[in-house]
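Me: I have a structure open on my screen and would like to learn how to read it. Could you walk me through it, feature by feature?

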Amino acid sequence: MHNDSGKRPKMLEEYAGYLRHRWEQGCTDAEQLYQEITAMGFRDTRRSVRDYVRPWRSQTTIALPPPSPPTVRQVTGWFLRHPDSLDADEHQHLQALTAAFPALAALGEHVCAFAQMMLRLTGDGLEQWMKRVQADDLPELYSFVTGLLEGADAVIDGLAKKDLGVDAYSYRQRESSASLPRRSSPVPAR
């Protein structure tokens, strides 16, 4: 609000920068702005703040806040799913992440390569895969590789079950259903 002299009121001058900053952040509620500067020591009326920001309403369009970054669960899902099953938006996000973070790209490549070994039941490539992981210096996979090394023979044998005449998915389904006890009633709540 301007007084008759064409100058803005002195009480708001010291808060002008703050008000503009908050407005540009997307806070266009005059009452909210009034509460914030009152907490900072402002001693004029709500109306003075409302009148002060009124011209800004017609001058600017409020920029939408940037989209929130993907969650860890989303990114993990993008890496663990077959690339053909990702929609265009997911594929674009994944490409942007791997371009920005080379270690994440390497991690994704290793996860994909291991998944291919599991799906194709090709355990003969496990040793080379573990060496590539160790060479890339990916601490995120160290404990996984250490566990594989401890039981490497069993893992390789498990990944080489081609003589069963079934695909990996069917084999895993049969193995998991055979090893899990069946419940006749739902799990009780605790």
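Reply: Happy to; we will go from the overall fold to salt bridges, then to a charged patch and a few single residues. One thing to keep in mind from the start is that this is a predicted model.

Me: Let's begin with the fold. How many helices and strands does the chain have?

Reply: Counting the elements is a good way to start. Here the chain has 11 helices and 0 strands. Written in sequence order, the pattern is α-α-α-α-α-α-α-α-α-α-α.

Me: What share of the residues counts as buried?

Reply: For this we ask how much of each residue remains accessible, and call a residue buried under 20% relative accessible area. Of the 190 residues in the chain, 25% are buried by that test. You can also look at the surface as a whole: about 13,800 Å² is exposed, and carbon and sulfur atoms supply 55% of it.

Me: And how do I read the contacts along the chain? What percentage of them joins residues at least 24 apart?

Reply: Take the contacts between residues at least 6 apart in sequence; 47% of these join residues at least 24 apart.

Me: Now the salt bridges. How many are there in the whole structure?

Reply: A salt bridge pairs a side-chain nitrogen of Lys or Arg with a carboxyl oxygen of Asp or Glu, within 4 Å. Searching the whole structure gives 6 of them. One is between Glu31 and Arg46, with the closest N and O atoms 2.9 Å apart. Glu31 belongs to helix H3 (residues 30-39) and Arg46 to helix H4 (residues 46-59), so this pair ties together parts that are 15 residues apart in sequence.

Me: Are those two partners buried, exposed or in between?

Reply: Both fall in between. Glu31 is partly exposed at 32% relative accessible area, and Arg46 is partly exposed at 42%.

Me: Which residues does Asp51 pair with?

Reply: Here it helps to follow one acid to each of its partners. Asp51 meets Arg47 in a salt bridge with an N to O distance of 3.5 Å. Asp51 also forms a salt bridge with Arg54, where the closest N and O atoms are 2.9 Å apart. These shared partners join Arg47, Asp51 and Arg54 into one network.

Me: How are these residues spaced along the helix?

Reply: Spacing in sequence tells you about turns. Asp51 and Arg47 both lie in helix H4, 4 residues apart, which is about one turn. Asp51 and Arg54 are 3 residues apart in helix H4, so about one helical turn separates them as well.

Me: Is Asp51 buried or exposed?

Reply: Asp51 is buried, with a relative accessible area of 9%. Arg47, by contrast, is exposed at 52%, while Arg54 is partly exposed at 48%.

Me: Which residues make up the patch of negative charge on the surface?

Reply: To find such a patch, look for like charges that gather on the surface without a salt bridge. In this model, Glu109, Asp136, Asp137 and Glu140 form one with negative charge. Asp137 is in the loop between helix H8 (126-135) and helix H9 (139-150), and counts as exposed at 52% relative accessibility.

Me: What is the phi of Asp137?

Reply: First the general idea: most residues other than glycine have a negative phi. Asp137 is not a glycine, yet its phi is positive, at about 55°.

Me: Last topic: residues separated in sequence. How far apart in space are Ala16 and Tyr52?

Reply: Compare the sequence gap with the C-alpha distance. Ala16 and Tyr52 are 36 residues apart in sequence and 9.1 Å apart in space, C-alpha to C-alpha. Ala16 sits in helix H2 (residues 16-24) and is buried, at 10% relative accessible area.

Me: Where does Gly125 lie?

Reply: Gly125 is in the loop between helix H7 (102-120) and H8, and is partly exposed at 24%. The C-alpha atoms of Gly125 and Ile156 are separated by 8.7 Å, with their positions 31 residues apart along the chain. You can try the same reading on His91 in helix H6 (residues 88-100): its C-alpha atom is 7.8 Å from that of Trp78, 13 residues apart along the chain.

Key. Residues numbered from 1 in each chain as written. Predicted model: local features only at pLDDT ≥ 70, side-chain atom pairs only at ≥ 80, totals over all residues. Heavy atoms only, no water. Patch = residues over 30% accessible without salt bridge, like charges linked within 9 Å, V, L, I, M, F, W, Y side chains within 5 Å. Areas by Shrake-Rupley, 256 points an atom, 1.4 Å probe, with all protein chains shown as cover. Lys, Arg positive; Asp, Glu negative; His and termini not counted. Charge placed at Lys NZ, Arg CZ, Asp CG, Glu CD. Helix = DSSP H or I, 4+ residues; strand = E, 2+ residues; numbered from the N terminus. Buried < 20%, exposed > 50% of the residue type's maximum accessible area, 1.4 Å probe, protein only. Contact = heavy atoms within 4.5 Å.
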